[in-house]
Amino acid sequence: MTETRANSKKLFIKTYGCQMNVYDSDRMSDALAPHGYETTLDMGQADLILLNTCHIREKASEKVFSELGRLKELQDERRAMGGDMLIGVAGCVAQAEGEEIARRAPVVDMVFGPQAYHRLPDMLARAEAQRHLHPALRKSIVDTDFPEEDKFEHLPAARKEITIKRGLTAFLTVQEGCDKFCSFCVVPYTRGAEVSRPVAQIITEARGLVDAGVKEITLLGQNVNAYHGLGPSGGSTSLGELAYLLAEIDGLERLRYTTSHPRDMDDVLIAAHRDLDILMPYLHLPVQSGSDSMLKAMNRRHTAAEYLEVIARIKAARPDMALSGDFIVGFPGETDADFEATLKIIADVGYASAYSFKYSTRPGTPGANLGDQISEAVKNERLWRLQDLVNAQTTAFHAACVGKTLPVLIERPGRMQGQVGGRSPYLQAVHLEGSPELIGSIHQVEIVGTSTNSLVGRLKEAVAA
Ligand code: 5AD
Ligand code: SF4
């Protein structure tokens, strides 16, 4: 199929959930571009709408069904005007509830899971072939198989022109799926077993991104530090080893990775934090709870003390390391004492930021079969207390940056004329006076103040990077 302006069709993707979905949405639009689909930000213009869904927390599927209800109205309007619009549901809700979505929402033309994205052009061709049929006679195409082949080999690498639009930072998925089976989590079921991409593929994609102007890459994986991809000499390569290899790419200035499991912070990865300037001193390392009995019930496979030991090792290698985490309150059986232990571990670690959630039962996970569910009122109260503590820590972390000089990747014009904005190594937004020529590179910035959720800086002239 050739791409011409005249027959170009419009694609709108609505992305829910994690960064991996953001990456996948970009790959889907890349895969459809050669088939004449151009991405639009206006849903009303779209010939194809894809919902890239997330199943991690509560009400995921209800949200999808209500969005599909709204899309049906749009589709009806379009058909009343003699046009049409195809609808696809992708992502983890599609993986978990494939046939059910097709049954409950016949408006959907395609339902497909994250392992089927490379087959999207083929599914779309089949959906388009049904267009001459009366809508009632069209059949939804469902693909939730976990294929043997490597989907990344079949997906186009990030296209240059799209990358430029994405700016100076980009995601790069290196690992997908998870073998940890935390008892609350759907990921091992929706994303499947842990799979790592070969090193050569990753290096090629990273080089392509850097050639297109990207300065900062965030490596993505559901359990990213369990990465063990096929290495250059045939053996398995760990995430730490991969970081050393990526550090050799000329022009790549910053490297991050997320999300990590405490058990997989091995010595090489920690040494990489000591040795590699491009590896940013900011680590998302969820612990979920500070209580050993909760950690056991959650099947996290480590104790609170072991988590703290890992952090001590990381800080010994990289003293300025800042941490972020995820917490779940109200896991079945969580007592007041368990919750206090969570507050204690937060106080001990001192997070730069953290995400916290009320436990919600995910059908099909071991947690769903546990008794002793915690009431909504208790969950709410615990969440507020936890968030108060974390917010105070975030504020303190920002305040502690005042007076320091930090390298800031200047990414965009600021909100006001004459200002620019960027990110510190610790992912904080930084605003400063400066001309647009600063955009695209790292500058030394003295932090002179804080405002809500961001830092105020002043450009340090003539300071060596
Ligand atoms: N209930 C609440 N939070 C959850 N998370 C994952 N599953 C659940 C669940 N069933 C949270 C965890 C995880 C983050 C991505 O989402 O904290 O680290
Ligand atoms: Fe889910 Fe646990 Fe795997 Fe993270 S490590 S994706 S929480 S099962």
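Start with Arg138, which sits in the loop between α4 (120–129) and β6 (141–143) of this predicted model. You might picture an arginine waving about in solvent, but look at the number here: with a relative accessible area of 14%, Arg138 is under the 20% cut-off, so Arg138 counts as buried. What does its side chain reach? One partner is the backbone oxygen of Leu133, at 3.2 Å. The backbone oxygen of Gln130 is another, lying 3.4 Å from a polar atom of the Arg138 side chain.

Now move along the chain to helix α8, residues 199–211. Try a quick check on its geometry: at 1.5 Å a residue, its 13 residues should span 18 Å, and the end C-alpha atoms are indeed 18 Å apart, which agrees. Which of its residues are buried? They are Val199, Gln201, Ile202, Ile203, Glu205, Ala206, Leu209 and Val210. When you look at that list, it helps to remember that an α-helix has 3.6 residues a turn, so residues three or four places apart point the same way. After α8 comes Gly213, with a positive phi near 105 degrees.

Next, the ligands. Around ligand 1 you'll find Ile56, Arg57, Phe184, Gln288, Asp326, Ile328, Phe357, Lys358, Tyr359, Ser360 and Arg362. Sorted by class, that shell has 5 nonpolar, 2 polar and 4 charged residues. Zoom in on the polar contacts and the backbone shows up: a polar backbone atom of Ser360 is 2.8 Å from a nitrogen atom of ligand 1, and a polar backbone atom of Phe184 is 3.0 Å from a nitrogen atom of the ligand. Gln288 uses its side chain instead, placing a polar atom 2.6 Å from an oxygen atom of ligand 1. How much of the ligand does the protein cover? Taken alone, ligand 1 exposes 400 Å², and the protein buries 88% of that. Two elements, β15 (322–329) and β16 (353–358), give two or more residues to this shell.

Phe184 also turns up beside ligand 2, together with Cys178, Lys180, Phe181, Cys182, Cys185, Val187, Pro188, His261 and Arg300. By class, these residues divide into 7 nonpolar, 1 polar and 2 charged. Seeing the cysteines in that list, you may wonder how many disulfides the structure holds. The count is 0. Two of those cysteines are tucked away from solvent: Cys178 has a relative accessible area of 10%, so Cys178 is buried, and Cys185, at 14%, counts as buried too.

Methods
Residues numbered from 1 in each chain as written. Chains lettered and ligands numbered in written order. Predicted model: local features only at pLDDT ≥ 70, side-chain atom pairs only at ≥ 80, totals over all residues. Heavy atoms only, no water. Near = heavy atom within 4 Å. Nonpolar A, V, L, I, M, F, W, Y, C, P; charged D, E, K, R; others polar. Disulfide = S-S within 2.5 Å. Buried < 20%, exposed > 50% of the residue type's maximum accessible area, 1.4 Å probe, protein only. Polar contact = N/O pair within 3.5 Å; in protein donor to acceptor, adjacent residues only side chain to side chain. Areas by Shrake-Rupley, 256 points an atom, 1.4 Å probe, with all protein chains shown as cover. Helix = DSSP H or I, 4+ residues; strand = E, 2+ residues; numbered from the N terminus. Expected span 1.5 Å × (residues − 1).
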